[in-house]
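Hello,

Here is the structure I said I would pass on. My notes on it follow below.

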Amino acid sequence: MKKMFATVALTGSVAAMSAPAMARDTISIVGSSTVYPFATVVAERFGTKTDFRTPKLESTGSGGGLKLFCQGIGTQHPDITNASRRMKVSEFELCQKNGVTDITEYRIGSDGIVIASSKEAENMDLTLEQLFLALGAKVPVNGEWVANPNKNWSDVDASLPNKPIRVMGPPPTSGTRDSFNELALAAGCDALPEAKALSEEQHKAICESVREDGAFIEAGENDNLIVQKLIGDTDMYGVFGFSFLEENADRLQAATLDGMVPTAEAIASDQYPVARSLFFYVKKAHVGVIPGIQEFVSEFTSNAAMGRNGYLKKVGLIVPPRDQLMTLMEKAENLPDLNKDELM
């Protein structure tokens, strides 16, 4: 009994943990649907090769996962959250406010966001400007920003298909949605001369907002649902991570964006215009309370998982170069604290 209380005291979280919560012996992981399949593979391997229980994973989206993660210390809260974008300063501050003061960040690799369709559909060669004019909530008409009037792709550009704009993608809680707004829509908006006159606040409101009139359809956090919809509807296009395209390469194709076809090499080198980094975050106060957290992190960042011939590479993760992997391994051992200045 003394040993148990000593362990809990080390985390500084006795007050936050109820008796039922203290009984938890399984790592709880939430967050990004994009990182979810990679984390699931690691969790299954970890549960098989060690004496620890297989971690429990929940796909909540990056924003939803970080919100849950930052709610507090105690085993009623998640231990790890996955994210397909970096933690925001506001999320870091929420964590600090709720006592989640010691966090370690791991950048685990890269992914790209694709505009995909069935191989039976008409594939598209799009610029980011055209993509914004198709999906932005407001677009410029005669110098004024108005609700998007474009109904068909051909309304955006005569070279595009004469069929309704119908794109299925993730909800606002998803890191993929955040990245899509920032890397694709905002970049396309910035290509328009009218964007130069926008204030910073106006730019955020206009250039990173997706239309809500039915042309863009939110599919929840299940990217596999989008894949199934695309296969059954050749007039539908979908927004999701490159790894899902690779998994379904026999059935799906990706649009060219700004003249670039999404490939692992183009994404890893940041040549593909909608490439982004993937992360997970560890709540250090739970290490030593919930069995196996540090060991799970070590497995995730191991050469066996993320090396040049690692099993995560084989399932679609664009793994970091060797020097970055060595840094991740050091982080797994030392658990350095993430500082607010690093996010600014």
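**The C-terminal end and other findings**

Met 344 is exposed, with a relative accessible area of 69%. The residue sits in the segment that follows α16 (322-334). Its C-alpha atom is 8.4 Å from that of Lys 88, although the two positions lie 256 residues apart along the chain. Please keep in mind that this is a predicted model.

**Overall**

The protein has 16 helices and 13 strands. Its radius of gyration is 21 Å, and the globule rule gives 20 Å for 344 residues, so the protein is as compact as a globular protein of that length. Along the principal axes, the C-alpha atoms fill a box of roughly 75 × 40 × 35 Å.

Buried residues make up 54% of the 344. The accessible surface is about 15,300 Å², and carbon and sulfur atoms account for 50% of that. If one takes the contacts between residues at least 6 apart in sequence, 74% of them join residues at least 24 apart. The protein carries 33 positive and 45 negative charges, and the mean positions of the two sets are 6 Å apart.

**Arg 211**

Where does the side chain of Arg 211 find polar partners? One is the backbone oxygen of Ala 134, which lies 2.7 Å from a polar atom of that side chain. Another is the side chain of Asp 213, with a polar contact at 2.8 Å. Arg 211 belongs to the loop between α9 (200-207) and β9 (216-218). With a relative accessible area of 4%, Arg 211 falls under the 20% cut-off and is therefore buried. Leaving aside residues up to four places away in sequence, Arg 211 touches Ala 134, Leu 135, Gly 136 and Ala 137, as well as Asn 148, Asn 150, Ile 165 and Phe 216.

**Helices α3 and α4**

Ala 43 is part of helix α3 (residues 36-49). This alanine is buried, its relative accessible area being 1%. Beyond residues up to four places away in sequence, Ala 43 touches Thr 54, Pro 55, Leu 57 and Phe 296. The C-alpha atoms of Ala 43 and Ala 121 are 36 Å apart, for a separation of 78 residues along the chain.

In helix α4 (residues 62-69), the buried residues are Ser 62, Gly 64, Gly 65, Leu 66 and Phe 69. An α-helix has 3.6 residues a turn, so residues three or four places apart point the same way. The cover over the buried residues of α4 includes the strands β1 (28-31), β3 (80-83), β4 (103-118) and β13 (275-283). The helices α5 (89-97) and α8 (175-190) are also among the elements that cover them.

**Positive phi angles**

Which residues other than glycine have a positive phi? Asn 142 is one of them, at about 55°. Asn 142 lies in the loop that joins β6 (138-141) to β7 (144-147), and is exposed with a relative accessible area of 79%. Asp 270 is another, with phi near 65°. Asp 270 is in the loop between α12 (264-268) and β13. Its relative accessible area is 58%, which is over the 50% cut-off, so Asp 270 counts as exposed.

Regards

Definitions and conventions:
Residues are numbered from 1 along each chain as its sequence is written. This is a predicted model: local features need pLDDT of at least 70, side-chain atom pairs count only at pLDDT 80 or more; totals for chains, interfaces and linings use all residues. Side-chain values use heavy atoms; hydrogens and water are left out. Helices (H or I, at least four residues) and strands (E, at least two) are DSSP runs, numbered from the N terminus. The radius of gyration is taken over C-alpha atoms; the globule rule is 2.2 Å times the number of residues to the power 0.38. Buried means under 20% relative accessible area, exposed over 50%, partly exposed in between (1.4 Å probe, protein chains only). Contact means heavy atoms within 4.5 Å. Accessible areas come from the Shrake-Rupley method with a 1.4 Å probe; for residues, only the protein chains shown count as cover. Lys and Arg count as positive and Asp and Glu as negative; His and the chain ends are not counted. The place of a charge is taken as NZ of Lys, CZ of Arg, CG of Asp or CD of Glu. A polar contact is a pair of N or O atoms within 3.5 Å; within protein, one must be able to donate a hydrogen and the other to accept it, and residues adjacent in sequence count only if both atoms are side-chain atoms.
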